[in-house]
Amino acid sequence: MNAPLATLSVASATPMAVANATVAVQACASLSIRDATGADIPAIQAIYAHHVRHGRASFEEVEPGVDDIRLRHAEVKRQGLPYLVAERGGEVLGYAYASAYRTRSAYRFAVEDSVYIDERYRGQGLGLALLAALVSRCESGPWRQMVAVVACTASGEGAGSLALHERVGFRTIGRLQSVGFKHGQWIDTVLMQRPLGDGEETPPVERAARA
Ligand SMILES: CC(C)(COP(=O)(O)OP(=O)(O)OC[C@H]1O[C@@H](n2cnc3c(N)ncnc32)[C@H](O)[C@@H]1OP(=O)(O)O)[C@@H](O)C(=O)NCCC(=O)NCCS
């Protein structure tokens, strides 16, 4: 199912975040935010591999191969969660997906987001468009909280991700200090959180059958 940005409804995002996502569409008429397919996996792997090799946003230190990404994509879809790509002119420019925040059953209404943009296209509104769409899609499902685990270093890495999540209505919950070490530097994780739909205001709706 394709989800055109122009029709996104992000209930609790700031009005400016939604406006920005719409502006991104207007600025790049051919940009589409849609569900990832099997054909997108090699491009997704290439985008992620760059960030694993050169950045600290991911705590992985050896990039997974195409087959690994294919399995991860399949697991996200098996759980009924969204896995989206930003595509323009047939090229995948970035992707975002939601996964279980933690696996034990009481966590089943909490998801974690991941967003990665091709290094060449950062800072063009794609992360905002993808994350706004991801929130919108999760709000149409049973999930009630979205968590972001943002890697931050003393040298300022992570500032873009913090800004992005704030724009989409996340607030900072806490900071774990020096829980990561990669490329010779300690890394903190900043936990951010955003309610989805009714959040904690109403009881969740259990899904009838869970695989
Ligand atoms: C973080 C990331 C997803 C942001 O996506 P992006 O397309 O580059 O960001 P956008 O252009 O959509 O910007 C969204 C908002 O964040 C802000 N922002 C983006 N990069 C920023 C930076 N380096 N410093 C400060 N603010 C920044 C933008 O200014 C914008 O806010 P604004 O509308 O108020 O100006 C992308 O840069 C990326 O892939 N980074 C490496 C991987 C990563 O950190 N992923 C997140 C894992 S949780």
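A residue counts as buried if 20 or more other C-beta atoms lie within 10 Å of its own, exposed if 12 or fewer, and partly exposed in between, with C-beta atoms placed from the backbone. The model is predicted, so local features need pLDDT of at least 70 and side-chain atom pairs pLDDT 80 or more, while totals for chains, interfaces and linings use all residues. Residue numbers start from 1 along each chain as its sequence is written.

**View 1. Strand β6 out in the open.** None of the 12 residues of β6 (171–182) is buried, so this strand lies largely in the open. (Strands are DSSP runs of E, at least two residues, and helices are runs of H or I, at least four, numbered from the N terminus.)

**View 2. The β6–β7 hairpin.** β6 runs antiparallel to β7 (185–195), joined by eight bridges; DSSP must find at least two for strands to pair. Lysine 182 sits opposite glutamine 185 in β7. Two residues separate the strands, and histidine 183 in the turn has a positive phi of about 50°.

**View 3. The largest nonpolar core.** Such a core is a set of buried Ala, Val, Leu, Ile, Met, Phe, Trp, Tyr and Cys residues joined through C-beta atoms within 7 Å. This one has 43 residues, and Leu84, Tyr95, Leu130, Leu131 and Leu134 touch the most other members. Helix α4 (126–139) is among the elements giving two or more residues, and α4 gives the largest share, 10 residues.

**View 4. Around the ligand.** Ala57, Gly127, Leu128, Gly160 and Ala163 come nearest of the 23 residues here, each with its C-beta atom, placed from the backbone, within 6 Å of the ligand. The largest share of this shell, six residues, comes from α5.
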